[in-house]
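Dear colleague,

I am handing over the structure we discussed, and my notes on the ligand and the pockets follow below it.

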Amino acid sequence: MIPLNDLTRSTAALRDGLRAASNRVLDSGWFVLGPENEALESELVAYVGAGHVVTVGNGTDALAIAMLTLGLGVGSRVLTAANAGGYASSAARSIGAVPCYAEVDAETLLLSAATLEESVGRTGRVEAVVVTHLFGATADMAAIITWARRRGIPVIEDCAQALGARRDGRAAGAWGDIAVTSFYPTKNLGALGDGGAVLTSDADLARRARQLRQYGWESKYAVGLPGGRNSRMDELQAAFLRLKLPHLDAWNEGRRRIHAAYRAANPALAFVNTESEAFVAHLAVLQVPERDTFRAELRAADVATDVHYPIPDHRQSTYPDADLDLPVTQRAAETVVSIPLFPELTDTEVDRICGALAALDQGARRATA
Ligand SMILES: *Cc1c(COP(=O)(O)O)cnc(C)c1O
């Protein structure tokens, strides 16, 4: 079976470097939030072009901390998409805030200025919007920022699936008032454990994020901000990420090449994204009306599939909102399917996947139903 992802391959290719990084940290005797984290923060500042980077424990904490830095708290309403895995909803709820949802664009499955505008009559006043660059595709940030400025709503960008993407000459993560990312192992830039970061060009927001990740301390043992927590990244993870960051562009290019091969293999299939520098091919997602049949046919060809994501946030059993109807979001949850996509797929495997796609009923699986 060709797996959806296989982390042993990238780890094996970098084995010597990972061991050296690990030895460096072991010998330093400094294990949490130290020189490796500081160096990684500077390297990410240079890579993304955001003014400040603050490493944290994971991507969900990064979202919660970003919300807190903007002054959100109990009862604050946060506008986001309901098709993006629920991370922003989870982060909002963790600080007592209330997520509310905008519809996504039918073609890109991303938030757009138009879908956000359409939601405001329904949601009432919101204190922030979280825009997720889903599946590795950068949303139209220029238009979204213009919309948000006009309405006076701060924008949080979630780049966990899109680090390295650029749109209109600017990196994902350098658009919003504040941005977040995750270094969960399967992300395009993944650690060997948990990690995350907050990115911003606002020095004051960066200072607040820095305090909030460590108990709200403004100096040791002196709490300067409410809402602080412990969300520090390990030195080991920072050292591993520093080894990997210089490879990210080449890995993203490899992902894009494989995605292009899939699309060429069967042009009738409705892939959600097409090739551009705004897309770093985190996942290869297509929409198929008969998903179970599609998955069974690929399984028969020894190709793994998965669904990102099967349950919209407003239909989760813990926080149901039966009154909210988001037809595009709900339809996407029923039709999206992901096929294997990671840079270490071999040419033979890519050919086999392409063969399986080409052998599907021509056109029958197109999402026109
Ligand atoms: C993975 C992910 C997160 C959460 O990151 P964790 O490190 O797992 O907490 C947030 N947003 C998006 C878009 C993600 O893909």
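A pocket here is an open set of points, on a 1 Å grid over the protein atoms alone, where a 1.4 Å probe fits, with protein on both sides within 12 Å along at least five of seven lines, and its lining residues have an atom within 4 Å of a point. By that definition the largest pocket is lined by 27 residues, of which Tyr87, Tyr184, Thr186, Lys187 and His282 lie nearest its centre.

This is a predicted model, in which local features need pLDDT of at least 70 and side-chain atom pairs count only at pLDDT 80 or more, while totals for chains, interfaces and linings use all residues. Residues are numbered from 1 along each chain as its sequence is written, and side-chain values use heavy atoms, with hydrogens and water left out.

The ligand takes up the space of the largest pocket (more than half of its atoms lie within 2 Å of the pocket's grid points). Among the residues that surround the ligand, each with a heavy atom within 4 Å of it, are Asn58, Tyr87, Asp158 and Ser182. Oxygen atoms of the ligand also lie close to side-chain N or O atoms: the distance is 2.6 Å for Thr60, 2.9 Å for Gln161 and 2.6 Å for Lys187, where a polar contact is a pair of N or O atoms within 3.5 Å.

Elsewhere, the second largest pocket is lined by 17 residues, and Thr108, Leu110, Arg167, Val272 and Asn273 are those nearest its centre.

Best regards

Technical notes. Polar contact = N/O pair within 3.5 Å; in protein donor to acceptor, adjacent residues only side chain to side chain.
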